[in-house]
Amino acid sequence: MASLEVNIHNLKLKNPVLTASGTFGYGEEYDDFIDVNALGGIIVKATTPEHREGNPYPRMAETPMGMLNAVGLQNKGVDYFVEHIYPRLLKYSNYVIANVSGSTVEGYVEVAEKINRLDHIQAIELNISCPNVKEGGMAFGTSCPSATAVTRAVREVYDKTLIVKLSPNVTRIEDIALAVEEAGADAISLINTLLGMAINAETRRPVLSTVTGGLSGPAVKPVALRMVWQVAKAVKVPVIGIGGITTAADAIEFMLAGASAIQVGTANFIDPQASVKILAGIEEYLYRHNISDVRELTGGLVL
Amino acid sequence: MKKYILDLKVRSNRRLNRNHNLLELGCINPLPPMVPGQFAEVRVDGSQTTYLRRPFSIHRVDRAANTMHLLIKSVGDGTRKLADLEAGDSVNIMLPLGSGFTLTRNARVLLVGGGCGVAPLYYLADHLFRQGNKVDILIGGRSADDILMADDYRAFGTVYIATEDGTLGEKGMVTGHSVLKNKELSYDMIYCCGPDGMMRAVAGIAEAHGIECEVSLENTMACGIGVCLCCVVETHEGNQCVCTQGPVFNSKQLKGWTAEVETGCSLDQ
């Protein structure tokens, strides 16, 4: 049996398969379908300082090999998370990672501080890349100074593993990656959704209530792969690859491009067992290629 | 209720009219427990334009035969692929999803279905009949050809029909049928599924007579299990997922559905 363990800063993941925020609820929604503890970890739905109702319906449009969403960070706020949701996460023995969002630097700091006190959560993923909120979110992740400011402010109050999740909606993603690394990020995950749009030709109206939304699914995979490759070359911290990963081959491609771990996102919607199937497929690949340690894959691209 | 992901076999596929099929599915093991009003998410294979699963009401469950039925309306390439399935084909399905209808006993109930909105009502009528309820069923459609399997419902109660062109039953909209026009309308519960406007109208009539009304909603969704938060409906307790907190709602839960005065608070912009 090959070793599947990978390190993301201080996290020793038993395997490189994680689930992406917003596509896996709080884990429990998948308990009927898989053993959630079999995964390296889960990144739970984004938490903001305040309760958010999210955007009006319709929030979703199916697109070729993917979907647009405009959920708008619907969640009950950090205090509810700490009091009601966190206790339900204690049953998971793998890593539970919180996704932190806000509309101001102070908001991000408030959520990070409160989650810092939770023993069972060893890492946060800083969401500076949500395209579906009017303030904050992606606005922080699309310029170096604002990405630096929010990362630095959170770094000051958060002493465990800090992952920063990047937006692909930028001209040079390496620059943002370097900025957040410099500001204290322990790891970088990418990509969040690509800003897109859908129109109903019959009604001449936009499909989404917000007009634009975030594209995910296999349609974004080549873009995500390219960006992971660019960022992994630029930074020293570990990179977590996200973007349309549906099969074990997809996951391995991201690792070859430089990712130390991967997140399964939209695929969870089509097959709630996708994450564990990808894990089994990675093991099968290692066996077939006679590789004893999954970490050999990271950056193993042959040019 | 525990959810399952299963590969079921198509036992039969009956074409009901130009764009509706009745798909009978079964498997070797007993089908999981499910209740009227719940739904299934079906994976569509072989359709280039269909990425997400498609939700369908659980139309019938035949425990003796260990089969279940889905009523498929062909509206796009994905549903057409499902309508083209043949006996012996495999279907990957997640079920049972969502919450069901409130099930009364020994009561007088009215079921109102419009078009393919009858989909969840067969299983409901079957169950309510067995529980000693007196069941009336009102089915509406554009034309006689749109009234699906009306005879099948007669086993459970009295069937009333409305067609817009008058080719079957009373002429006009289902909401204008004499059953609903009755000034003395008195049921213990009205269950309704159909187009949005029809459900709102039926809910309004029910409210005017002080009758509880449950409606089954069909918002577009991705996951079906309360994760993606795409299928939300505005309720008096905030946005709720149709896939987990519904698809069945009491019409009084839904914001803007009943006549009560809105409080005037708006969501943050």
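**Two enclosed elements: a helix in chain A and a strand in chain B**

A:Gly184, just after helix α5 of chain A, takes a positive phi of about 115°. Before going on, note that this is a predicted model.

Let me stay with that helix. Helix α5 of chain A covers residues 173–182, and 7 of its 10 residues are buried, so the helix is largely enclosed by the rest of the structure. Buried here means under 20% relative accessible area. Which residues of α5(A) are the buried ones? They are A:Ile173, A:Glu174, A:Ile176, A:Ala177, A:Ala179, A:Val180 and A:Glu181. Two glutamates, A:Glu174 and A:Glu181, are on that list.

What covers these buried residues? The cover includes elements of chain A on either side in sequence: α3 (138–141), α4 (144–157) and β9 (161–165), and then β10 (187–190) and α6 (221–234).

Now to chain B. Strand β6 spans residues 67–73, and 6 of its 7 residues are buried, so this strand too is largely enclosed by the rest of the structure.

Which strands pair with β6(B)? One is strand β2 of chain B, residues 20–26, which pairs with β6(B) in the antiparallel sense over 7 bridges. Within that pairing, B:Gly26 has B:Thr67 as its bridge partner.

Another is strand β5 of chain B, residues 60–62, which runs antiparallel to β6(B) and is joined to it by 3 bridges. Here B:Val61 is bridged to B:Met68. β5(B) and β6(B) form a hairpin, with 4 residues between the two strands. In that turn, B:Asn66 has a positive phi of about 55°.

Note on methods: Residues are numbered from 1 along each chain as its sequence is written. Chains are lettered from A and ligands numbered from 1 in the order in which they are written. This is a predicted model: local features need pLDDT of at least 70, side-chain atom pairs count only at pLDDT 80 or more; totals for chains, interfaces and linings use all residues. Side-chain values use heavy atoms; hydrogens and water are left out. Buried means under 20% relative accessible area, exposed over 50%, partly exposed in between (1.4 Å probe, protein chains only). Two strands pair if DSSP finds at least two bridges between them. Contact means heavy atoms within 4.5 Å.
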